[in-house]
Amino acid sequence: MGKCPKCGEELDSLNQICEASVFYRWYLNKEGKMMSEMVETDPQESTEWLCPHCNEVIATNEEQVEQLLQSKDKGIPDLETIKEVYPPYQDD
Ligand SMILES: [Zn+2]
């Protein structure tokens, strides 16, 4: 499970928000009562995926989403890297 690069929370899902235009038709019915009905929606393609924890945009395509959900935590160096940076102190 990957982690959010912005807030560091574990990601089991990402949120995608699609904007859409919604049109309503307003009219008077047989009894002369004002009515409205939704006539059309026009969803726009979205290229923003948000972290469900901090709501920051953290991916702009599906590949990135997949990587974020799969990637292991890269924020903490593995043990071999730590040994190279901090060699054990030797007393001679
Ligand atoms: Zn986040």
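This note goes through the fold, the strands, the core and two single residues of a predicted model.

1. Overall make-up. The chain contains two helices and five strands. Read from the N terminus, the elements come in the order β-β-β-β-β-α-α, with the strands ahead of the helices. Of the chain's 92 residues, 7% count as buried. Among contacts in the chain with a separation of 6 or more, 49% are between residues 24 or more positions apart.

2. The three-stranded sheet. Three strands make an open sheet, and their order across it is β1-β4-β5. The pairing in this sheet is antiparallel. Its edge strands are β1 (15-16) and β5 (57-59), each of which pairs on one side only. As background, strands of a sheet pair through backbone hydrogen bonds, and they do this either parallel or antiparallel.

3. The link between β1 and β4. Strand β4 covers residues 49-50. Two bridges join β4 to β1, in the antiparallel sense. To find one of the partners in the model, start at N15: its bridge partner in β4 is L50.

4. The pair β2 and β3. Strand β2 spans residues 20-28 and strand β3 spans residues 34-43. The two run antiparallel and are joined by nine bridges. Two positions help to line them up by eye: F23 is opposite E40 in β3, and Y27 is opposite M35 in β3.

5. The turn of this hairpin. Five residues lie between the strands in the hairpin of β2 and β3. Within this hairpin, G32 adopts a positive phi near 80°.

6. Are β2 and β3 buried or in the open? None of the nine residues of β2 is buried, so this strand lies largely in the open. The count for β3 is also zero, out of 10 residues, so β3 too lies largely in the open. A residue needs 20 or more other C-beta atoms within 10 Å to count as buried.

7. The nonpolar core. Which residues make up the largest nonpolar core? There are six: L11, L14, W49, C51, I58 and A59. W49 belongs to β4, while I58 and A59 fall in β5. Leaving aside residues up to four places away in sequence, C51 touches C4, K6, C7, L11, L14, E56 and I58. Of these, L11, L14 and I58 are among the core residues.

8. Residue E10. This residue sits in the segment before β1. E10 has 10 C-beta neighbours inside 10 Å, so it counts as exposed. Not counting residues up to four places away in sequence, E10 touches M1 and K3. The C-alpha atoms of E10 and C51 are 9.6 Å apart, although the two residues are separated by 41 residues along the chain.

9. Residue N55. Where is N55 found? It is in the loop between β4 and β5. N55 is exposed, because 12 other C-beta atoms lie within 10 Å, and a residue with 12 or fewer is placed in that class. The backbone at N55 deserves a look: phi is positive, at about 60°, even though N55 is not a glycine. Most residues other than glycine have a negative phi.

Definitions and conventions. Residues numbered from 1 in each chain as written. Predicted model: local features only at pLDDT ≥ 70, side-chain atom pairs only at ≥ 80, totals over all residues. Pairing = 2+ DSSP bridges. Helix = DSSP H or I, 4+ residues; strand = E, 2+ residues; numbered from the N terminus. Contact = placed C-beta atoms within 7 Å. Core = buried A, V, L, I, M, F, W, Y, C linked by C-beta atoms within 7 Å.
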